[in-house]
Amino acid sequence: MPFGQLVIGSPGSGKTTYCHGLHQFLGALGRPVSIVNLDPANGRNLPYPCAIDISELITVSDVMAELQLGPNGAMLYCIEYLEENLDWLEARLDALGDEAYVAFDLPGQVELSTNHGSLKRIVERLQKKRDWRLVAVHLIDASHITDASRYISLVLLSLRAMLMLELPHVNVLSKVDLLGEAAGAKRDREDGEEDGEEDEEGDDPGADDEGSETSSIRAAKSGLAFNLDYYTEVQDLSYLLGHLNATMGPRRSAKFSQLNERICELVEDFGLVSFETLAVEDKRSMLRLMRVLDKAVGYVYVRSGSDGAQERELPDADDAEMAAYEPGSFVGTTGSRRGTAASAASLFTVADTGEPVGWGSAADVQERWVDHQDAWEAYEAKERQELEKLWRDNEIKERKAPA
Ligand SMILES: Nc1nc2c(ncn2[C@@H]2O[C@H](COP(=O)(O)OP(=O)(O)OP(=O)(O)O)[C@@H](O)[C@H]2O)c(=O)[nH]1
Ligand SMILES: [Mg+2]
């Protein structure tokens, strides 16, 4: 059965870059991956090899020229046109085979995933008629969390997309490697503007916890109002009210405060939104996200027993870790085998690779990219140099060794 990721998010949130990264990452793991460009505004110079490209069917520029529409109207027209000609897409997706794993690179127009019906209907048809298993990956530029009102807007947007698409859904704060920079710029602006001004903010979300003073001071120093895990877990939003009200400026009124309060309550009542993080060039970050996505879409239980499936050396059938992952028909004893209930391809490249050290939580991401980015970069550069030297030395030794 084919699997796929529907990569959605606002303009510039990193969808195309992520699809490219995913192609390289899954390719390196030996997993199947095809990228489908469904953004009719993407030119032909896409960074990834494109398995299917909507621009062969229709492009925004052609629609703008022929129908005298603006870019947004032309985009919506293109997606409606795709819906009407879904056979075109289905035939090409079928050709990728039953074992396909596809990432759909979508346009940045958020209305496609929040209120326009075409994308939802396309997704429904792929799921119902073609048995596709899809997960929505909603990318959101992490720099928005430095501003309370932008953060709340994006939480609302994420909630809306979740309710609209009705898919397994993973929201992702993208470009976390730039978060330190964004937060630093915000801190510098505020230092300049509000020196000595009294703090109007709510209490710290960790105020009752032991050591909370340290964490709140750390957050304030980083330029974020709270630590990163507050934003990823969408914890008690009432702590943001002070920040939200402070951004209203002269228009500030009791009614606006109440509106903010109701919005926060609404998001909390649904209790659906949380965020993963992503720095696309960082392998550990990609690995962590893939583990979450594979679980969300059920890829950990995929079979790899069709023709051409790779044989892999697997551990003993009595292996406790292996057994824990394999529901149902566990066959074979030792050595290589194919097509067990939970495939080697999925489990041993994704689910069972062990937790990437030091990258299990938002606190680690904050440590790496916000609080001590320079120190980590220096450490990693040194590590890289040492490894390169080791490789060079080994190469020289091998060349010198008699054949
Ligand atoms: N530093 C950093 N930059 C990133 C990351 N992901 C994307 N970018 C950059 O963000 C910019 C926008 O990325 P795109 O992949 O084009 O974003 P998009 O969501 O496809 O944009 P639209 O298709 O216009 O909606 C590019 O300059 C990317 O190089 C990331 O993880 N880290
Ligand atoms: Mg794009």
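Helix 17 is hardly covered in this predicted model. Among its 28 residues, the count of buried residues is zero. The helix runs over residues 373-400, and at 1.5 Å a residue it should span 40 Å. Its end C-alpha atoms lie 41 Å apart, which agrees with that expectation.

**The protein as a whole**

The protein contains 17 helices and nine strands. Of its 403 residues, 35% are buried. Taking contacts between residues at least 6 apart in sequence, 74% join residues at least 24 apart.

**The nonpolar core**

The largest nonpolar core has 82 residues. Within this core, Leu6, Val7, Val137 and Val172 have the most contacts. Helix 7, residues 148-165, supplies the largest share of the core, with nine residues.

Val137 shows how these residues meet. Leaving aside residues up to four places away in sequence, Val137 touches Gln5, Leu6, Val7, Val170, Val172 and Leu293. Leu6, Val7 and Val172 thus appear among the partners of Val137 and are also listed with Val137 for the most contacts inside the core.

**The surroundings of ligand 1**

Ligand 1 is surrounded by 16 residues. The closest of these are Gly14, Lys15, Thr16, Thr17 and Gly108. Helix 1, which covers residues 15-29, gives the most to this shell, with three residues. Sorted by class, the shell has eight polar, four nonpolar and four charged residues.

**Single residues of note**

Two residues on either side of strand 6 have a positive phi without being glycine. Glu166 lies in the loop between helix 7 and strand 6, the strand being residues 169-174. Its phi is near 50°. Lys175 is in the loop between strand 6 and helix 8, the helix being residues 179-193. The phi of Lys175 is about 55°.

The surroundings of Glu166 and Lys175 are classed in opposite ways. Glu166 has 12 other C-beta atoms within 10 Å and is therefore exposed, as the limit for that class is 12 or fewer. Lys175 has 24 within 10 Å, so it is buried, the limit there being 20 or more.

Leu272 and Lys295 fall in between. Leu272 has 15 C-beta neighbours inside 10 Å and so counts as partly exposed. Lys295 is also partly exposed, because it has 16 other C-beta atoms within 10 Å. The table lists the four residues together.

| Residue | Location | C-beta atoms within 10 Å | Class |
|---|---|---|---|
| Glu166 | loop between helix 7 and strand 6 | 12 other C-beta atoms | exposed |
| Lys175 | loop between strand 6 and helix 8 | 24 other C-beta atoms | buried |
| Leu272 | loop between helix 12 and strand 7 | 15 C-beta neighbours | partly exposed |
| Lys295 | helix 13 | 16 other C-beta atoms | partly exposed |

Leu272 sits in the loop between helix 12 (254-270) and strand 7 (275-277). Not counting residues up to four places away in sequence, Leu272 touches Leu159 and Met162. Both numbers fall within the range of helix 7, residues 148-165. Leu272 and Met162 are 110 residues apart along the chain, and their C-alpha atoms are separated by 8.2 Å.

Lys295 belongs to helix 13, residues 283-297. Lys295 and Val135 are 160 residues apart in sequence, with 10.0 Å between their C-alpha atoms.

Definitions and conventions. Residues are numbered from 1 along each chain as its sequence is written. Chains are lettered from A and ligands numbered from 1 in the order in which they are written. This is a predicted model: local features need pLDDT of at least 70, side-chain atom pairs count only at pLDDT 80 or more; totals for chains, interfaces and linings use all residues. A nonpolar core is a set of buried Ala, Val, Leu, Ile, Met, Phe, Trp, Tyr and Cys residues joined through C-beta atoms within 7 Å. Helices (H or I, at least four residues) and strands (E, at least two) are DSSP runs, numbered from the N terminus. Two residues are in contact if their C-beta atoms, placed from the backbone, lie within 7 Å. A residue is near a molecule or strand if its C-beta atom, placed from the backbone, lies within 6 Å of it. Ala, Val, Leu, Ile, Met, Phe, Trp, Tyr, Cys and Pro count as nonpolar, Asp, Glu, Lys and Arg as charged, and the others, Gly among them, as polar. The expected span of a helix is 1.5 Å times one less than its number of residues.
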